[in-house]
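Q: Please take a close look at a single strand in this model and at the residues that stand opposite it. Then follow the structure outwards to the features that a bench biochemist might wish to inspect in a viewer.

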Amino acid sequence: MEGAARFKFINYFMYTIENDILRVMINPVGAELTSLVNKTNGLEYLWSGDPAYWAKKSPVLFPVVGTLKNNTYNFNNKNYELGRHGFAREKLFTVMGEEPTALTFELSNDETTVRLFPFQFSLSINYTIRESSLDVTYRVHNKGNKNMYFSIGAHPAFKLPIDNGLVYEDYFLLFNQIENAGNWPIDANGLIESGSRPLLRHTDRLPLSKSLFYKDALVFKDLVSDEVQVKSEKSTAGLNFTFKGFPYFGIWSAKDAGFICLEPWCGIADSTDTNQQLTDKEGIIGLAAGEAFTRTWSVTPW
């Protein structure tokens with residue numbers, strides 16, 4: 001039933017911003033990016049949302065990233081239940097600002113969120129087209145009178161192959177720094193295991209294949225790059241993705257699906273040895289009363 005309601009919103013409330021180069025569409029349910037078209041080549045760069053594989057396109061992860069152990073955390077000696085990736089992706093946001101090339105959406109705490117997340121907050125998401133790039137800015141404001149603890153992350157899914165006539169394995173990721181980074185495996189319960197496994201060894205390139213994601217996402221804690229490109233040597237079409245200030249990074253696709261998710265995170269799923277205390281959670285952000293936290297990621301499709 002939740003899925004049916006969600007698609008009613010998509011059909012009824014879609015918003016569009018554009019300039020001479022890009023056309024962008026956003027759904028106020030979840031403030032979710034749903035289309036990214038480069039008008040100069042006519043290509044759509046975002047995943048279609050085919051429910052046979054994965055019905056979402058670019059959910060916002062808030063107030064947690066990933067899975068909590070037993071979908072539960074403890075704060076001030078009280079247990080709270082909160083599902084994977086939190087609740088923002090299913091909530092209807094309010095449009096707070098609208099221009100031809102920019103949109104701002106906002107979500108605030110209400111009687112339903114406080115049962116899951118006992119803080120007063122506002123989460124605003126701004127989409128701005130800047131020449132050939134789309135900037136996506138998250139701003140979390142602590143509206144309460146005590147410290148607030150949260151995580152936030154992005155989960156955009158880009159169509160792969162981008163160009164007709166190519167296949168998934170024609171593409172690779174090109175990082176802007178030489179990487180020596182291990183992958184932190186995810187166990188069957190969605191938790192981060194206690195050690196990493198070698199993956200990127202003195203290289204700036206990761207060849208893509210569908211089998212790369214058969215055991216869930218690739219999770220990185222120590223990338224030195226803050227920019228990555230999706231490229232193919234068989235096509236001029238690709239994209240550049242920038243994620244400054246995000247300490248964690250995930251790469252994922254559903255099994256045999258035609259997309260690649262590039263996921264910058266401020267926060268991470270629980271580890272297998274977590275004590276489930278929110279204030280002790282790895283990657284958790286503590287925000288003082290009245291303060292705001294801001295992060296931006298950007299994509300440039302060419």
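A: In the strand pair chosen for this close look, V230 stands opposite L239 in β19. The model is a predicted one, in which local features need pLDDT of at least 70, side-chain atom pairs count only at pLDDT 80 or more, and totals for chains, interfaces and linings use all residues. Residues are numbered from 1 along each chain as its sequence is written, and side-chain values rest on heavy atoms, with hydrogens and water left out.

V230 belongs to the covered face of strand β18 (residues 227-232), together with V228 and S232. The uncovered face of β18 carries E227, Q229 and K231. Such an arrangement follows a general pattern: in a regular strand the side chains alternate between the two faces of the sheet. Strands here are DSSP runs of E with at least two residues, numbered from the N terminus.

β18 has pairing partners in β15 and β19; two strands pair if DSSP finds at least two bridges between them. With strand β19 (residues 239-242), β18 pairs in the antiparallel sense over four bridges. These two strands form a hairpin, and six residues lie between them. With strand β15 (residues 171-183), β18 is joined by five bridges, again in the antiparallel sense. In that pairing, V228 of β18 has F175 opposite.

From β19 the picture extends to the aromatic residues. The structure holds 25 aromatic pairs, a pair being rings of Phe, Tyr and Trp (its six-membered ring) with centres within 6.5 Å, where planes under 30 degrees apart count as stacked, over 60 as edge-to-face and the rest as tilted. For W54 and W252, the ring centres are 5.2 Å apart and the planes stand at 80°, so this pair is edge-to-face. Because W54 lies in the loop between β4 and β5 while W252 lies in strand β20, the pair ties together parts that are 198 residues apart in sequence. W54 has 15% relative accessibility and therefore counts as buried; W252, at 15%, also counts as buried. A second pair brings the account back to β19: the rings of F158 and F241 have centres 6.0 Å apart and planes at 70°, so they too are edge-to-face. F158 is in strand β14 and F241 in strand β19, so this pair ties together parts that are 83 residues apart in sequence. Both F158 and F241 are buried, a class that means under 20% relative accessible area, with exposed over 50% and partly exposed in between (1.4 Å probe, protein chains only). Ring pairs also link F62, F75, F87, F117, F119, F121, Y149, F150 and F293 into a cluster.

Two lysines are placed over rings. The charged end of K221 sits over the ring of W184, 3.7 Å from its centre, and that of K255 sits over the ring of Y214, 5.1 Å from its centre. The criterion is that NZ of Lys or CZ of Arg is within 6 Å of the ring centre and within 35 degrees of the ring normal.

The loop between β4 and β5 (60-61) also holds K56. At 12% relative accessibility, K56 counts as buried. Its side chain joins that of E90 through a polar contact of 2.6 Å; such a contact is a pair of N or O atoms within 3.5 Å, where within protein one must be able to donate a hydrogen and the other to accept it, and residues adjacent in sequence count only if both atoms are side-chain atoms.

Several backbone features deserve attention. Most residues other than glycine have a negative phi, and most peptide bonds are trans. The bond from F62 to P63 is cis, with omega near 5°, and P63 is placed in the loop between β5 and β6 (72-75). That loop also contains N71, a residue other than glycine whose phi is positive, near 55°. At 37% relative accessibility, N71 counts as partly exposed. A further cis bond runs from L160 to P161, with omega near 5°; P161 is in the loop between β14 (157-159) and β15. D256, which is not a glycine, has a positive phi of about 65°. D256 lies in the loop between β20 (248-252) and β21 (259-266), and at 31% relative accessibility it counts as partly exposed.
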